[in-house]
Amino acid sequence: MPKAKKGRFTVAVHPICHKAIHANFTNPELARIGEDREALLQNEALAKFVRWVSDKPPDFHAPTRTAR
């Protein structure tokens, strides 16, 4: 949950994944979703990104487009 929406807990997320999440969801949407990973992956664009990035090395970085 975003800090702007009173989120208190943090989850370590790779920077490229963090950017992809914010490219596909607004802070209010993320506040509603909470920590539900499966709800995030119901978004087809994010699911496609996760499939693509899953075989990349841990230090992989690439530009992320804003989909909103």
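## Briefing: rings, core and charges

Let's start with a charged residue: Glu38 is partly exposed, with a relative accessibility of 49%. Its salt-bridge partner is Arg37, and the closest N and O atoms of the two are 3.4 Å apart. Please keep in mind that this is a predicted model. Beyond that pair, the points below cover the other charged partners, an aromatic cluster, the largest nonpolar core and a contact made by Asn24.

**Charged pairs**

- How many salt bridges does the structure hold? There are three salt bridges, and the one between Glu38 and Arg37 is among them.
- Arg37 counts as exposed at 52% relative accessibility, whereas Glu38 at 49% is partly exposed.
- Arg51 pairs with Glu44 in another salt bridge, with 3.0 Å between the closest N and O atoms. Arg51 is exposed, with a relative accessible area of 51%, and Glu44 is exposed too, at 52%.
- Lys56 and Asp55 also meet through their side chains in a salt bridge, at 3.2 Å from N to O. Asp55 is exposed at 61% relative accessibility, while Lys56 is partly exposed at 24%.
- As general background, side chains of opposite charge can pair when their charged atoms come close.

**Aromatic cluster**

- Searching the whole structure turns up two aromatic pairs.
- Phe49 and Trp52 make a tilted pair, with ring centres 6.0 Å apart and 45° between the planes. These two residues sit three apart in helix α4 (residues 44–53), so about one helical turn separates them.
- Trp52 and Phe60 make an edge-to-face pair, at 5.5 Å centre to centre and with 70° between the planes.
- Taken together, Phe49, Trp52 and Phe60 form one aromatic cluster.
- Which of these rings is buried, and which are partly exposed? Phe49 is buried, with a relative accessible area of 14%. Trp52 is partly exposed at 41%, and Phe60 is partly exposed at 22%.
- Phe60 has a charged neighbour as well: Lys56 lies over the face of its ring, 5.9 Å from the ring centre. Lys56 therefore takes part both in this contact with Phe60 and in the salt bridge with Asp55, and its relative accessible area of 24% makes it partly exposed.

**Nonpolar core**

- The largest nonpolar core has ten residues. Among them are Ile16, Ala20, Ile21 and Phe25, along with Leu30, Ile33 and Leu40.
- Leu46, Phe49 and Val53 belong to this core too.
- Which elements give two or more residues to the core? They are α1 (15–24), α2 (27–33) and α4.
- Phe49 links two of our topics, being a member of the largest nonpolar core and also of the aromatic cluster with Trp52 and Phe60.

**A polar residue in helix α1**

- Asn24 is located in helix α1.
- Is Asn24 buried or exposed? Asn24 is buried, at 18% relative accessible area.
- The side chain of Asn24 reaches the backbone oxygen of Ala20 at 2.7 Å. Ala20 is itself one of the residues in the largest nonpolar core.

Conventions:
Residues numbered from 1 in each chain as written. Predicted model: local features only at pLDDT ≥ 70, side-chain atom pairs only at ≥ 80, totals over all residues. Heavy atoms only, no water. Phe/Tyr/Trp six-rings, centres within 6.5 Å; stacked < 30°, edge-to-face > 60°. Helix = DSSP H or I, 4+ residues; strand = E, 2+ residues; numbered from the N terminus. Buried < 20%, exposed > 50% of the residue type's maximum accessible area, 1.4 Å probe, protein only. Lys NZ or Arg CZ within 6 Å of the ring centre and 35° of its normal. Core = buried A, V, L, I, M, F, W, Y, C linked by side-chain atoms within 4.5 Å. Salt bridge = Lys/Arg side-chain N within 4 Å of Asp/Glu carboxyl O. Polar contact = N/O pair within 3.5 Å; in protein donor to acceptor, adjacent residues only side chain to side chain.
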